[in-house]
Amino acid sequence: MDDTPRHLNFLEQIVEADNAALKWGAWPNQTPKVHTRFPPEPNGYLHIGHAKSICLNFGLAKTYAGKFNLRFDDTNPAKEEQEYVDSIIRDVKWLGGDFDTGPHAGGLFYASNYFEQMYAFAVELVRKGLAYVCDLSAEEVSKNRGDTKSPAKSPHRDRSAAESLRLLDEMRHGKHAAGSKTLRAKIDLASPNFVLRDPVMYRIIHEHHHNTGDAWCIYPMYDWAHGLEDSIEGITHSICTLEFRVNRPLYDWFINAINKDRGPGSPWGEKIHHPQQIEFARLNLTYTVMSKRFLLRLVEEKRVKGWDDPRMPTIAGLRRRGYPAHAIRDFCDEIGVTTQESVIDVTRLENAVRNRLNATAPRVMAVLRPLKVTIENWPAGTVEELDCLNNPEDPALGSRKVPFSGTLFIERDDFMETAPKKFFRLAIGQEVRLRWAYFITATSVVKDPATGEIIEVRATYDPATRGGDSPDGRKVKGTLHWVSAPHAVPLEVRLFDRLFNAEEPGARTGDQLDDLNPHSLEVLTAMGERSLSTAKVGDTVQFERMGYFRADEDTTPGKPVFNRTVTLKDTWAKVAAKA
RNA sequence: UGGGGUAUGGUGUAACGGUAGCACGACUGACUCUGACUCAGUUAGUCUAGGUUCAAAUCCUAGUACCCCAACCA
């Protein structure tokens, strides 16, 4: 029995209160209605910040037996593209935001499919005297915006409804140049909240739209469109980020304006649904830039290899790097949701990835920076097939045969001629275990006469320790991973460091690019165990002691390419750094 | 400066006038055929100053700090 009180976040508290009051009515099966949505603009790829929103919105639908929509807020053809639509659908599905399958599927929608309805609402507002066509240019509007002391000026706001209607019709039918006219809401030119100083509802944009083609040349602004989209879809809780707090009065004003004089028997029709906008704090991560605009810049200036570069904080990038969707969901659960801005340490994300992968990833051996080891007393020409567990965390996953011979590779970092205190790895005279194999003791080294670099270690093995245990109960402090040289599979391995050197990129100079880490990518040729020769794109494994890796899309038959998803925690690195 | 927000250990998050709790990190130690995992323990917090109250993170007053708005972006 679990009697620990479950802490509801503030959104869940709101939903539960609403449900208790049946504020939004009920589904046909009597459960209180909860209907959320994720409303991206298709002007870039989704990133980890969007994942928080997706988890939040889908999570609410899931825990309260509601529905979840994916809706493209595609109201600006100048910035939006079909490629982004496609990528967003892929990413949302991958994250588990089941908008079109399963019990919480609300559906896939496009704001642009509501343009005709929105236009009708706009005409209604003009007729009601609540909107008018304005001839001011963007620059003039800005100049006439007023300030904290003085109200805005808008010379055309008293234009007759009939004239506005005529002009609006002309705007719609392409009679006017881009930017020459707008439709504005007649609200309050003196409002201390500038958002309410007669905001623009429609602007003229003569551009091709990815969904509506050339059907329209006027496009609705966010504030005008968004509440209508939510209303049309029957959204109950319209969840957005904190910066929209000041827009909320406008969100409500537009819906109330439409509902003015509506009701039973009204010529305008019935009242439309009025969802509730709720704001939460967006995700910020250390060492990470989340703005779509900046990520686009990284792509366009080729600072990274694309939106799905494994160093990018995009969902596509994280997926390619090897972050499991489940780990991203775990992370979103762990960080919670509030109305206070915060910056989450990226290591939290990395830890969620480690936790998930530790439980699921098969173990294999690969040597990233090979150092040759010759076993002096190994019977020449002999090869043994040794049993290695695929995942000691889960013995049910079985074992595999790994070849062992007299010539091996070990990690360069796993050998020192003379071991300092606490160095439990291989050194002259020091015995270690080769994982699943034998105990070996280093006897001497071979150095490059020119550079002095160690190019080979010579060692002896104890035949009695086959499998990795000594019958006399002898203990060793260290266990090393290894690969038999004649059987080794060359691997291209891509190691990633953070994309930015600064915890808050751009804080010093104002330009995030100034904190770009020039060494964020390191490519190595590693040596993998035989089983890696058949690696397939998407395979996720742990290279024992070296971290979690995923076979990249660039993998071709016989030429595996692995991305390091994340390292293992490395206590030794800390100890060594201190010394 | 006008308007709108937010302040709890290093980080994140609970408390809804009644014992400041949890998670992550860090640090100790145990265990270990991955210096991983796991386990045990330690660490450290209510922005400031007043006030109300038997009792304040919570209510009141005055400050302070930070964020958002003043695009025909969303």
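**Close-up 1. Surroundings of helix α8 in the predicted model.** The buried residues of α8 are covered by elements that include α4 (115-127), β5 (182-185), β6 (200-204), α7 (222-233), β8 (237-241) and β9 (276-280), where contact means heavy atoms within 4.5 Å. Those buried residues (under 20% relative accessible area, 1.4 Å probe, protein chains only) are L250, Y251, F254, I255, A257, I258 and N259. This is a predicted model, in which local features need pLDDT of at least 70 and side-chain atom pairs count only at pLDDT 80 or more, while totals for chains, interfaces and linings use all residues. Residues are numbered from 1 along each chain as its sequence is written, and side-chain values use heavy atoms, with hydrogens and water left out.

**Close-up 2. Length and end of α8.** The end C-alpha atoms of α8 (residues 248-259) lie 17 Å apart, which agrees with the 16 Å that its 12 residues should span at 1.5 Å a residue, the expected span being 1.5 Å times one less than the number of residues. Just after α8, D261 takes a positive phi of about 70°.

**Close-up 3. The largest pocket.** This pocket (an open set of points on a 1 Å grid over the protein atoms alone, with protein on both sides within 12 Å along at least five of seven lines; lining residues have an atom within 4 Å of a point) has a volume of about 1,100 Å³, the volume being the space filled by probe spheres set on the points. Of its 39 lining residues, E41, D73, Y222, E243 and F244 lie nearest the centre. Elements that each supply at least two residues of this lining include β6, α7 and β8.

Terms used
Chains are lettered from A and ligands numbered from 1 in the order in which they are written. Helices (H or I, at least four residues) and strands (E, at least two) are DSSP runs, numbered from the N terminus. Buried means under 20% relative accessible area, exposed over 50%, partly exposed in between (1.4 Å probe, protein chains only). On a 1 Å grid over the protein atoms alone, a cavity is a set of points where a 1.4 Å probe fits but cannot get out, and a pocket is an open set with protein on both sides within 12 Å along at least five of seven lines; lining residues have an atom within 4 Å of a point.
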